[in-house]
Amino acid sequence: MAWSAAQYVKFEDERTRPARDLLAQVPGLPSGALYDLGCGPGNSTELINERLSDRLTIGIDSDDDMLAAAAKRLPQLTFEKGDLAQWQPPAPAALFYANAVFQWLPEHLDILARLMGALVPGGALAVQMPDNLVEPSHVAMREVAAEAPFAAHFARNPRDRSALPSPAVYIDRLSPLSGRVDVWHTIYYHRLANAEAIVEWVKGTGLRPYLDALPDDLRADYQAAYLERIRAAYPPLADGRVLLRFPRIFIVAVKG
């Protein structure tokens, strides 16, 4: 599945807010490198570098388009291609920071536990993931995919992501590896221009696997059917805009 940096940054302000909120909860760090895992176009890497500009900061991503955009945005930093399912740092790190990436990896609990083992004492693992699979924006993706003529194409293609474990599961898994673990949910309410803006938002993330699974001649039809459901699910506010409800889970674990 290919990602588009240009599509992603259409809503950069809204996407960067949870990245900023996550970074605000990262405590003082010991010496060591800082890694932005799933760095995307570099918007979150920029936040880390602004706060800790004296540290070695490295962005890791598996997508060439995202890496190219990040390197153009922050030419003074290092960006490397890596598959987070197997990636390991060359030496123990002070920070593993991951904004909206691990929801795509079904076995991410094992990955998070492995990363805790690759931190220096006092180092931090900071993770934020969308927790919105039951929101209308994502329910509509699945409902339209089940309709003809789209359903036959999805029967053979993996799509969407798995539901996240409960907060208790993250706490139980990470507590034995950590001196402190904090887990919390935040619900963001984004006021967007209209239903079409919601579609543009999810085209950069959750809708991408659905569109990629379809042949070219069906993508426009799928998107039109999806838009109609979004219009029904997100009625306009008094000012004509629409309100996108967006829950996210946050995890900060500090190695003892």
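Trainee: In this predicted model, is G38 buried or exposed?

Mentor: A residue counts as buried when its relative accessible area is under 20%. The relative accessible area of G38 is 12%. That value falls under the cut-off, so G38 is buried.

Trainee: Where does G38 lie?

Mentor: Strand 1 covers residues 34–37, and helix 3 covers 43–51. G38 sits in the loop between strand 1 and helix 3.

Trainee: Which residues is G38 in contact with, leaving aside its neighbours within four places in sequence?

Mentor: Contact here means heavy atoms within 4.5 Å. With those neighbours set aside, the contacts of G38 are I60, D61, L84, N99 and V101.

Trainee: What distance separates the C-alpha atoms of G38 and M66?

Mentor: Along the chain, G38 and M66 are 28 residues apart. In space, their C-alpha atoms are separated by 9.1 Å.

Trainee: Which residues does the UniProt annotation "domain: Methyltransferase" cover?

Mentor: The annotation comes from an unreviewed UniProt entry. Its span is 32% helix and 26% strand, with end C-alpha atoms 14 Å apart. The residues covered are 36–123.

Trainee: What radius of gyration does the protein chain have, and why does that agree with a compact globule?

Mentor: The protein chain has 256 residues, and a compact globule with that number would have a radius of gyration near 18 Å. The chain agrees with this because its own radius of gyration is 19 Å.

Trainee: How many helices and strands does the protein chain have?

Mentor: Strand 1 and helix 3 have already come up, on either side of the loop with G38. For the protein chain, the secondary structure comes to eleven helices and seven strands.

Terms used. Residues are numbered from 1 along each chain as its sequence is written. This is a predicted model: local features need pLDDT of at least 70, side-chain atom pairs count only at pLDDT 80 or more; totals for chains, interfaces and linings use all residues. Side-chain values use heavy atoms; hydrogens and water are left out. Helices (H or I, at least four residues) and strands (E, at least two) are DSSP runs, numbered from the N terminus. The radius of gyration is taken over C-alpha atoms; the globule rule is 2.2 Å times the number of residues to the power 0.38. UniProt positions are given in the numbering used here, feature names are shortened, and annotations may be inferred rather than shown by experiment. Buried means under 20% relative accessible area, exposed over 50%, partly exposed in between (1.4 Å probe, protein chains only).
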